[in-house]
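Hello,

Here is the structure we spoke about, handed over for you to look at. My notes on it follow below.

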Amino acid sequence: MVIDQKIISTTNQFNREGKLTHLLTLEGMPKEQILYILNTAKQFVSVTAPNREVKKVPLLRGKSVFNLFFENSTRTRTTFEIAANRLSADIINLDIPTSSTSKGESLMDTIDNLVAMQADIFVVRHNISRAPIEIANHVPDYVHVINAGDGSHQHPTQGLLDVYTMRHFKKDFSKLKVAIIGDILHSRVAKSNIHALTTLGCNDIRAIGPESLLPSDLAKDLSSLGVKIFHKVEDGIKDVDVVMTLRIQKERMDQGQVPEGAEFFKQFGLNRERLAIAKSDAIVMHPGPMNRDVEIDSAVADGNQSVILNQVTFGIAIRMAVMSILASN
Amino acid sequence: MNAEAFYQDLLKYLKDGLFQKASHQPTPVYLVGLAIGGAWLAERLAHDLSLTQYGVINVSFHRDDYAEKGIRAIETANTMPTKLPFDVTHAHIVLLDDVLLTGRTVRAALNELFDFGRPAKVSLMVLADRGERELPISADFAGCIVTLPESQILVLERNQTNQFNFVIEERN
């Protein structure tokens, strides 16, 4: 897969030959590149087929993957770890708060040291937006960087696994109606999803949330991408095929910015009554971790329209695909 | 080059030889074709031998040229993934492929097969053996021996009535 020069100049995730060498953002990623990752991931789903005794393939044998999590995450870190293990790579988890950065070493000094330890792939999560882009600009050509979530900027592998899940259950993006409910403002997941869905030809995306989480400048940006804004779930969810609920990210908010727990649930929580306004075969998604009875009712989260656990399973295949594509470019 | 005669020889070898003998043994025999040409062979043989099932092996995950060819090496897995609808452990697996050359594909196929269990026995049968082995692997049955320059590849084609034909193409 080779991408033309025009796109290369606007992002640093493609190398001079037009091949994907880092995964940093889904913004501006060409449709054929997204589809290539999804199709590659489909092959990796079979690695965990029930009758395959050895659920592991040797593609990344001898490669070292470093998980650099400057922000806590159990699920994402674990799925990257499992993905690297299933590809037979060596995975090293760095516990950043207790490591050298807390002794005063600069971020790039830490990176240089890890490169000197023969790292092949860095999986980076950082609370500062665009930190993985800086790291990608810093490392030598043969080292690859995967953004595992940066501030409120992007979470590309989550976006990819979400569109993979939608394609698995719904096939045709051009006919898809997708509602995203909740904390759009702080959600890198929502942003990655909107970019990927738009590129894949979905032309009915709705963002639903209180005004405090969809402020006018964000609403303007989203509108320019063709996203429709709603402040009432009942209005936005009508006839949709996909309902994605997002976690309220208290850690990124000022106090009083949104209605708390029970009040948010009353106004924006996805319950059975609201879900009934969507299409009868609509799927329910959540990137996790879920706050039950805040953004989603347990009956919906555990109901037969929920594909939340499928998202987790597909997430491993997507991360295997991304790592093996980057390592080969 | 018409490959029908080679196919008929292989069919006869299996029908009158291997399956005849196997009918007196407790070990089950399963045909497993290597994607994509070998899988065509397995499909037609299963039909002609009235077998209820056959398997397919895709060697993509175990290829040894990943570093060289990168992810393109696994692209065929998308069109024809590994499918083994029976327990390979304690079974006699007959691997089928259209052409045997370096032996590297067969090495990868053995790795893929053993990821699913431990067969009692594995045999290899091909329509054409080109020699030029790079690994210590040989076929238990070869429909023909063909000598070709390294720059050329032997490609199996099948028509709408499932008849086989070999064509010679230049390597890119």
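Domains and their contact

The model is predicted. The domain assignment splits chain A into domain 1 (5-155 + 314-328) and domain 2 (156-308). Taken over C-alpha atoms, the centres of domain 1 and domain 2 of chain A are 26 Å apart. Domain 1 of chain A brings 26 residues to the contact, and domain 2 of chain A brings 24 residues. On the side of domain 1 of chain A that touches domain 2, the elements giving two or more residues are helix 2 (31-45), strand 4 (144-150) and helix 13 (308-328) of chain A. The residues on that side of domain 1 are 13 nonpolar, eight polar and five charged.

Helix 6

Helix 6 of chain A covers residues 156-170. With 15 residues at 1.5 Å a residue, helix 6 should span 21 Å, and its end C-alpha atoms are 21 Å apart, so the two values agree.

How many of the residues of helix 6 of chain A are buried? The count is 11 of 15, and the helix is mostly covered. The buried residues are A:Pro156, A:Thr157, A:Gln158, A:Gly159, A:Leu160, A:Leu161, A:Asp162, A:Val163, A:Tyr164, A:Thr165 and A:Met166. The buried residues of helix 6 pack against helix 2, strand 4 and helix 13 of chain A, elements that also appear in the list for the domain 1 side of the contact. Their other partners are helix 7 (188-199), strand 8 (242-245) and strand 9 (283-285) of chain A.

After helix 6 of chain A comes A:Lys171, with a positive phi near 60°.

Regards

Notes: Residues numbered from 1 in each chain as written. Chains lettered and ligands numbered in written order. Predicted model: local features only at pLDDT ≥ 70, side-chain atom pairs only at ≥ 80, totals over all residues. Domains from an automatic or database assignment. Contact = placed C-beta atoms within 7 Å. Helix = DSSP H or I, 4+ residues; strand = E, 2+ residues; numbered from the N terminus. Nonpolar A, V, L, I, M, F, W, Y, C, P; charged D, E, K, R; others polar. Expected span 1.5 Å × (residues − 1). Buried ≥ 20, exposed ≤ 12 C-beta atoms within 10 Å, placed from the backbone.
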